[in-house]
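Trainee: I would like to learn how to read the features of a protein model step by step. Could we begin with the sheets and then move on to the helices, the core and the rings?

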Amino acid sequence: MTIIFTEADFDELWQEGLERGEITYQSNDFEYIETWQHALKKGFIQVIELRPGLYLQFGNYETPITWGEEGQHSEAFPLTLAFIVTGGCREQIYGIKEDNCEQAGENYLFFLPGTREIEVHPTGLLQNIRIRVESHLLRTLTARQENSLPDVLKPLIEADSVPLFHLDVGKMTSAMHLAVRQIMHCPYQGMMRRVYLEAKTLELIALQFSQLAETDKSRDEYFSLKQDECDRIYQAREILINNLHNPLSLIALAQQVGLNERKLKQGFRHVFGNTVFGYLHDYQMQQAQRLLLAEKMTVAGVAARVGYASPTAFCAAFRRKFGINPKAYQIAGRISLA
């Protein structure tokens, strides 16, 4: 029988473990390490803030008995990359994956803010690495190269509302195994250790995103459109750009042009090299550039014209896309045209 602890139960257990000396922890401004010598697990979990928005967590512990914990992720829970070296766990992620299993030798990518899940730890040794990447850092890392991102990640930098997901990316490559070993056996101390770990963490991010991009590419190579379906994709684009102020949902847009949602999404990537709403966002930003330079309009007026109810949201989106505020872009453009 598997024991499942609620959040309250686990908090109480943790506090009792501290009092008995079975759980200890140390922390400073950028690093936290928790050590367990307890009936539930024996080993440690370590979390390091490598830079604002980038966190490395690695765990190395053994569980003498099978147990689980039920809890809820915060609304700020960031994009997470997971690399399982030894062991694994079972998960029930409510509304996302009811029966999920993370296994040794695999790597995963998930975005689960606000979700509730039960994570069950079987007996045996667990060694894993998790990398947490906040959205603002992802935007910085991909500035002006957003289209090179794997499709599943584009909404994180293009949209205010991002779909939740949990992906099994695939087998860890030999390069991933090497980077993970180098992280777990870092040869440096002090400042050089943090620099080294950041470099290896960014390498792992690049390796996983590359693996995802190759998967996207493989899917596209086996995808084709009939002429009628291609015409419907262009029709969907026209509907999309003619409804900037009240965009249709993917389901409604697909129904209107007579395609299923999957065919619409794949077709947009195939024809336009972008997601449906990624294309819409790029179109809005291109129109905004033109209006800021070609017409005597305020920034708020341009925001409204291209479909933004909030000038603040428009300014933030424009700055993420072009690296400059719309007002500064407008002033600079008018000076150059004078």
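Trainee: What is the order of the strands in the open sheet of five strands, and what kind of pairing does the sheet have?

Mentor: As a general idea, strands of a sheet pair through backbone hydrogen bonds, either parallel or antiparallel. In this model, which is a predicted one, the open sheet of five strands follows the order 1-6-11-8-9, and its pairing is mixed. Strand 1 (3–5) and strand 9 (97–103) stand at the edges with a single partner strand each, so one side of each has no neighbour in the sheet. On average, neighbouring strands of this sheet are turned by 20° against each other, with direction ignored.

Trainee: How many bridges join strand 1 to strand 6, and which residue of strand 6 is the bridge partner of Phe 5?

Mentor: Strand 1 and strand 6 (residues 67–72) run parallel and are joined by three bridges, and the partner of Phe 5 in strand 6 is Glu 69. Helix 1 (residues 7–20) packs on this sheet, where it touches strand 1, strand 6 and strand 11 (116–121), and the direction of helix 1 makes about 115° with that of strand 6.

Trainee: What is the strand order in the open sheet of eight strands, and which strands stand at its edges?

Mentor: The order in the open sheet of eight strands is 2-3-4-5-12-7-10-13, and the pairing is antiparallel. The edges are held by strand 2 (23–27) and strand 13 (165–171), each of which has a single partner strand, so that one side of each is left without a neighbour in the sheet. Neighbouring strands of this sheet are turned by 15° against each other on average, again with direction ignored. Strand 13 pairs with strand 10 (residues 106–111) in the antiparallel sense over six bridges, and in strand 13 the bridge partner of Phe 111 is Phe 165. Helix 1 appears here as well, since it lies across strand 2 and strand 3 (31–37) and runs at about 85° to strand 2.

Trainee: Where does Val 152 lie, and which residues does Val 152 touch, not counting residues up to four places away in sequence?

Mentor: Val 152 is found in the loop between helix 2 (135–141) and helix 3 (154–158). Leaving aside residues up to four places away in sequence, Val 152 touches Leu 109, Phe 165, Leu 167 and Leu 212. Its relative accessibility is 26%, so Val 152 counts as partly exposed. The C-alpha atoms of Val 152 and Phe 110 are separated by 10.0 Å, with their positions 42 residues apart along the chain.

Trainee: How should I read a nonpolar core, and which residues have the most contacts inside the largest one?

Mentor: In soluble globular proteins, nonpolar side chains tend to be buried together. Here the largest nonpolar core has 34 residues, and those with the most contacts inside it are Leu 79, Phe 83, Ile 129, Ile 131 and Leu 204. Helix 5 (residues 190–221) gives the largest share of this core, six residues. A second, separate core has 17 residues, among them Ile 239, Leu 248, Ala 254 and Phe 268.

Trainee: Which residues of helix 6 are buried, and which helices do they pack against?

Mentor: Helix 6 (residues 227–241) has 15 residues and reaches 22 Å from its first C-alpha to its last, close to the 21 Å expected at 1.5 Å a residue. The buried residues of helix 6 are Glu 229, Cys 230, Ile 233, Ala 236, Ile 239, Leu 240 and Ile 241, and they pack against helix 7 (250–257), helix 8 (261–272) and helix 9 (276–294).

Trainee: How many aromatic pairs are found in the whole structure, and why does the pair of Tyr 25 and Tyr 32 count as stacked?

Mentor: A pair of aromatic rings is described by the distance of the centres and the angle of the planes. The search of the whole structure finds 15 aromatic pairs. For Tyr 25 and Tyr 32 the ring centres are 5.8 Å apart and the planes are at 25°, so this pair is stacked, planes under 30 degrees apart being the cut-off. Tyr 25 is partly exposed at 44% relative accessibility, and Tyr 32 is partly exposed at 27%. One aromatic cluster is formed by Tyr 308, Phe 314, Phe 318, Phe 322 and Tyr 329.

Key: Residues are numbered from 1 along each chain as its sequence is written. This is a predicted model: local features need pLDDT of at least 70, side-chain atom pairs count only at pLDDT 80 or more; totals for chains, interfaces and linings use all residues. Side-chain values use heavy atoms; hydrogens and water are left out. Helices (H or I, at least four residues) and strands (E, at least two) are DSSP runs, numbered from the N terminus. The expected span of a helix is 1.5 Å times one less than its number of residues. Buried means under 20% relative accessible area, exposed over 50%, partly exposed in between (1.4 Å probe, protein chains only). Contact means heavy atoms within 4.5 Å. A nonpolar core is a set of buried Ala, Val, Leu, Ile, Met, Phe, Trp, Tyr and Cys residues joined through side-chain atoms within 4.5 Å. Two strands pair if DSSP finds at least two bridges between them. Axes are lines fitted to C-alpha atoms, for helices over the stretch in contact, and angles run from 0 to 180 degrees between N-to-C directions. Rings of Phe, Tyr and Trp (its six-membered ring) pair if their centres lie within 6.5 Å; planes under 30 degrees apart count as stacked, over 60 as edge-to-face and the rest as tilted.
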